[in-house]
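I am opening my notebook to record what I look up here, one topic at a time.

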Amino acid sequence: MKFKLNNKYVRWGVTAFLVIAAGILFYYFVFHRSNILSGLNRLINILMPVVFGLATAYLLTPVLNYIETKLLIPICDKLRIKQSQRRSTIVRGISVFFTAFLFIALIYILIHMLVSQLVPSIQNIINNFDSYTRNLMNWINRMMDDNPEVKNYVLQLVDQYSERLDDYISQLPSNAMVLLKTVTNTATNTISVLWNFIIGFIISIYFMASKEKFKAQAKKMCYAMFERDTANIVIRNFRFTHKTFIGFLGGKIIDSIIIGILCFVGVSLMRLPYSALISVIIGVTNVIPFFGPYLGAIPSAILILIVNPTQPLQCIYFLIFILILQQFDGNILGPKILGESTGLTSFWVIFAITFFGGLFGIFGMIVGVPLFAVIYAAVKSVINTALAKKELPIELDKYEKLEYVDDAGFHDYEPSVPTTVKLAEKRACRKAARAERKEGKKK
């Protein structure tokens, strides 16, 4: 007797086996998910250098493409160097070298700025923190002389939290081992992240050097796994995802760098303290859409007020300057750089930042907008496809004043028409449609 895979009993057996196996996996996941999650975390930690490498290569690919297509290839064409495999290899190697050099130079500039500008500023704040606190308390006392009840309440709060701080400091010797363990774990994690970053950077170089080959392999696998039409849809969606992510993230980084530079110029002209530190805070937080300006402006304003409590107008001037700067960014600079890279309204931008920020923290707030734009586009595509199959229009304005749809077509809402008349019209339309269907069957 020959064994046939298309036999119905064989198919039933395979189906039963898969159902039982899925049930066992589901049971194990529900009652032993800690083991699964620990295994996944271990796998992620092992593959973290590869993840860093792919992320770095993905972010550096636009720079590589610009150097290759806009600079080196036109130079080769002007020098009349014939197109060949050797020329392509040399051009790619030079492009990868310059891209890696620019990346390392950017990291060096950032570290140099941190060491030369930010570290002294932070040290100065720590060294003068007592005097800043004393000046702030004196300013509060002068401001509240006319309102002794509020003054006593504020001083009571300060004394209360000062006692808590003293108690915490007094308990530090007993918790020295815990503190030492925390410091050791932090140092170990920092070294691990640096090691993963270095290995990931090396992996990114190999990935950029052969990015066309990896792309071709991915397309080959896609067409091997799916039907042709499905594979075309998958590749098209991946292109849209790439365009949305790289357009938003790259544009937002450039936009934030420009805002940071403009903030440094403005703060320096106003002669506010710690201009470099404040500019870095404003530039970094500006990467977060919508909420970023507020997250950067509030601690910077508090810092200015603590340093110069006798001159509160400096804090007000700074807030006015940041408000003007963010209006310029939101209405002029941002649209010029980002354009309509996401296609989301303001409501959905706020929703995406709130939702993904709650799930993944700061990282979720940064990538939440482009990620939600992809989800939004996918849902929109499914809805439009379903409407097209039902021979209904996909234009949004068609549904703004819509009340109901029947065989006669779309009917807009008319408040001047009584409800009884509308119901009579609906019944007449349904009756006429049934009569037409009956006549069609008779014919």
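**Entry 1: charged pairs**

I began with glutamate 212, which forms a salt bridge with arginine 92, the closest N and O atoms being 2.7 Å apart. I keep in mind that this is a predicted model. Glutamate 212 sits in helix α7 (residues 211-225) and arginine 92 in helix α3, so this pair ties together parts that are 120 residues apart in sequence. Are the two partners buried or exposed? I noted that glutamate 212 counts as partly exposed, because its relative accessibility is 35%, whereas arginine 92, at 10% relative accessibility, counts as buried.

I then looked up what else arginine 92 pairs with, and I found that its side chain also meets that of glutamate 68 in a salt bridge (2.8 Å, N to O). Since arginine 92 lies in helix α3 (residues 85-127) and glutamate 68 in helix α2, this pair ties together parts that are 24 residues apart in sequence. Here both arginine 92 and glutamate 68 are buried. I wrote down the wider grouping as well: Glu68, Arg92, Lys211 and Glu212 are linked in a network of salt bridges.

How many salt bridges are there by this rule? The count comes to five. One of them joins the side chains of lysine 252 and aspartate 255, at 4.0 Å from N to O. These two residues are three apart in helix α8, so about one helical turn separates lysine 252 from aspartate 255. I recorded lysine 252 as buried because its relative accessibility is 10%, and aspartate 255 as buried too, with a value of 0%.

**Entry 2: the nonpolar interior**

Next I turned to the largest nonpolar core, which has 19 residues, and I listed those that touch the most other members: Cys263, Val267, Ile278, Ile282, Phe318 and Ile322. Which elements give two or more residues to this core? They are α8 (228-269), α9 (275-285), α10 (292-307) and α11 (312-338), and the largest share, six residues, comes from α11.

To see one member in detail I chose isoleucine 282, and, leaving aside its neighbours within four places in sequence, I found it in contact with Ile259, Cys263, Gly296, Ala297, Ser300, Phe318, Ile322 and Gln326. Apart from this core lies another, of 15 residues, among them Phe248, Val349, Phe356 and Val369.

**Entry 3: cysteines**

I also looked for disulfides, and the structure holds zero of them. Cysteine 222 is buried, with a relative accessible area of 9%, and cysteine 315 is buried as well, with 12%.

**Entry 4: a patch on the surface**

I had written down that, in soluble globular proteins, nonpolar side chains tend to be buried together. On the surface of this model, however, I found a nonpolar patch formed by Leu37, Leu40, Leu43, Ile44, Ile46, Leu47, Val50, Val51 and Leu54, with about 750 Å² of accessible area together. I looked up leucine 43 as one of its members: it is found in helix α2 (residues 33-78), and with a relative accessible area of 44% it is partly exposed.

**Entry 5: the whole chain**

I closed with the totals for the protein chain, which has 14 helices and two strands. Of its 443 residues, 24% count as buried. The chain exposes about 32,100 Å², and carbon and sulfur atoms supply 68% of that area. Among contacts with a separation of 6 or more, 60% are between residues 24 or more positions apart.

Note on methods: Residues are numbered from 1 along each chain as its sequence is written. This is a predicted model: local features need pLDDT of at least 70, side-chain atom pairs count only at pLDDT 80 or more; totals for chains, interfaces and linings use all residues. Side-chain values use heavy atoms; hydrogens and water are left out. Patches are made of residues with over 30% relative accessible area and no salt bridge: like charges are joined within 9 Å, nonpolar side chains (Val, Leu, Ile, Met, Phe, Trp, Tyr) within 5 Å. Accessible areas come from the Shrake-Rupley method with a 1.4 Å probe; for residues, only the protein chains shown count as cover. Helices (H or I, at least four residues) and strands (E, at least two) are DSSP runs, numbered from the N terminus. Buried means under 20% relative accessible area, exposed over 50%, partly exposed in between (1.4 Å probe, protein chains only). A disulfide is a pair of cysteine sulfur atoms within 2.5 Å. Contact means heavy atoms within 4.5 Å. A nonpolar core is a set of buried Ala, Val, Leu, Ile, Met, Phe, Trp, Tyr and Cys residues joined through side-chain atoms within 4.5 Å.
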